[in-house]
Amino acid sequence: MSTPLLRVEDLLLYYRAGNHPVHAVDGVSFTIEDRGQAVGIVGESGSGKTSMATALMRMLPKNVESFRGSIQLAGQELTTLSDDQFRREIRWKKIAMVFQGAMNVLNPVVRVGEQIAETLIFDGMEKKTALARADALLERVGLPAGIGSRYAHELSGGQRQRVVIATALVMNPELLILDEPTSALDVSVQAQIMNLLKDLKEDPGISMIFITHDIGLASDLCDSIAVAYAGQHVEFGSADRVLVEPHHPYSSLLLSSLPRLHDPAPPVPMPGEPPDLTHPPAGCRFHPRCPYAFAPCPVIVPPEYRVEDGGHARCFLNDREIAGDRYQIHLQATIDA
Amino acid sequence: MIAVEDASVVFETRAGIFKSGQVHALDGVSIEIGVGETLALVGESGSGKTTLGRLTLRLVEPASGTVSFLGRDITHDREQSLGWFRQRAQIVFQDPFSSLNPYMRVWDLIEEPLQIDGVKRAGERRERANAALAAVDLIPTARFGSKYPSQMSGGQRQRVGIARALVRNPDYIVADEPVSMIDASSRIAILSLLAKLQQERGVSFAYITHDIASARYFSDRIAVLYQGTIVETGPVGTVIDHPLHPYTAALIAAIPEPDPANRHRRREVVPGEPSPSSTAPTHCPFYSRCPRRIPGTCDAARPALVEIEPKHEVACFLYSSASHTPAGTP
């Protein structure tokens, strides 16, 4: 097997907050096999999605208690690089990120073209060449010619988000992390941005990590999907499998809690409330909300059970020996629904 | 319950120190909401859906047209004489993080409207607050009543917002994007709660949302707004399954439902974005973005809402040649 573009293994990130560490990322593993593929990280707020992304960018806050695990980009281990090396070689150059709400923090007094060119000029490029490159990028993200000389406030929301995407692409990164890039946009504009991201996956073949709470939106772009819950990925696998045959009850409950356009049947509300990450539940983190929980769930942390598509699910129901008659009970429930 | 007839709302804007402008937030809009009925007001930002919701609560005054509640015209009633209406019509706000005073306990938040209404006995106020907490499933009520908003999740805070509206036993509630700031997995729990309250108490709702799929679940009828006008209205299932107006169709086509086939196809999108209008539109407001526009027709006059099939109305020249005539024109 060839080296995957990105391999994240057993990533762990705890914050200090008062007396208890916050388990923001707690043993997360996933891969992006090829160039131009996208993985969706789907989860509710507080599931550790954004923390995982800032860990990949190594833009960590000061109150980090521990940060461990392995991140390999095209075979290169990133966690052992010095901060200086990471800044010079990786951040923005190989991994770039579109932050949530970035479209609202564009510099209001600098023309958008100059904002993009700034990075290139700082990197040693001549101003004229840099501005031309910025214009080419703005055109690449679907903006009309001449927009580079406008100010952020003159642009619509969708146009500003395109500028932010162009800014992230300026150093030709291999991997682009997008944190809720459409959450402030109307659906019709959201669809335009999603089409742009689809184009960028194909040409120039940028790989993406797409962070969202909307699993439907993730399915619009992503080849594989990780379902995040309380700092862990309870399930990871191909979009073709996770969306159709989830192997974790949280994933299937998430899918059945969404109202469907052309199905008048009422969706099923998700039971319970999200957990407190300073005191995550013992055993399986989802067990207090899980309708299928049984004896081992509150006690033992379920391992990542392999699933046939190469993904994994952290749920004892995937263990024929432990689950017995319960084996695949939730799968059946999904199919019935 | 509520009727709005041919109402227009114009806001004055300040474009600079000397300049001022106007935004036509609503233009010739009519709606009716029956007893125990939910009408979804769907549209994108700037469509006028929130203004229309607030107009039904008489939080804004129309430039023309009328608003009536239970058959009584309240269009120009002064605030002092609207006391009875303020008790019977309530609002649930979009943002449960900023709409609750962080220094007040949940009990105090819910009892505040009763205090304003002059319920003097503290015991009675607490009793009614607890009943409201129980109605929104914040049980045990003593545990949740003594909390501060910051100690609760977004979903729980929104339940407090609903309890605050319920405690006055209203007949009509405007729910202004009540779940848009809550995690997708908790949204349905809140909407089913509203649906349950409606069934048990027969409350009428205006459900303001940009999420057309959730409207299917929690509404009887739907009105799709675009730039201050209603472009299509009808029974919620009919409109979503058989949209007539190109804008409604585009809005529905833009929604990604979980489907592994999605990523292999580009989404059909309408180009551009809506921009606020400073003059009342003289032609179809969707003209510049419409994939099916008829030059010479759609940019020459404004289409009127016309009933195409029972209760299903659309304002589009593809279906009818009728033009909109503003109120007051013979």
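In this predicted model, strand S1 of chain B (residues 2-14) pairs with strand S4 of chain B (residues 64-69) through five bridges, and the two run antiparallel. To pick out one spot along that pairing, Ala3(B) has Ser68(B) as its bridge partner in S4(B). S1(B) also lines up with strand S2 of chain B (residues 20-33), again antiparallel, and here ten bridges do the joining. Look at Ala7(B) for an example: its bridge partner in S2(B) is Val29(B).

Now for how the two chains meet. On the chain A side, 45 residues are in contact with chain B, which puts in 38 residues of its own. Interface size is often quoted as the accessible area that is lost when the parts come together. For chain A and chain B, the buried area comes to about 3700 Å², with 54% of it on carbon and sulfur atoms.

Charged and polar groups turn up across this boundary too. There are 23 residue pairs in polar contact between chain A and chain B, counting pairs with both residues at pLDDT 80 or more. Four salt bridges cross the interface. One of them links the side chains of Arg263(B) and Asp240(A), at 3.3 Å from N to O.

So much for the contacts; what about the parts of chain A behind them? Two or more residues each come from helices H5 (157-168), H6 (187-202), H7 (215-219), H8 (239-242) and H9 (249-256) of chain A. H6(A) gives the largest share, nine residues. Sorted by type, the chain A residues that touch chain B split into 21 nonpolar, 14 polar and ten charged.

Definitions and conventions
Residues are numbered from 1 along each chain as its sequence is written. Chains are lettered from A and ligands numbered from 1 in the order in which they are written. This is a predicted model: local features need pLDDT of at least 70, side-chain atom pairs count only at pLDDT 80 or more; totals for chains, interfaces and linings use all residues. Side-chain values use heavy atoms; hydrogens and water are left out. Contact means heavy atoms within 4.5 Å. Buried area is the accessible area (1.4 Å probe) that two parts lose on being put together, summed over both. A polar contact is a pair of N or O atoms within 3.5 Å; within protein, one must be able to donate a hydrogen and the other to accept it, and residues adjacent in sequence count only if both atoms are side-chain atoms. Helices (H or I, at least four residues) and strands (E, at least two) are DSSP runs, numbered from the N terminus. Ala, Val, Leu, Ile, Met, Phe, Trp, Tyr, Cys and Pro count as nonpolar, Asp, Glu, Lys and Arg as charged, and the others, Gly among them, as polar. Two strands pair if DSSP finds at least two bridges between them.
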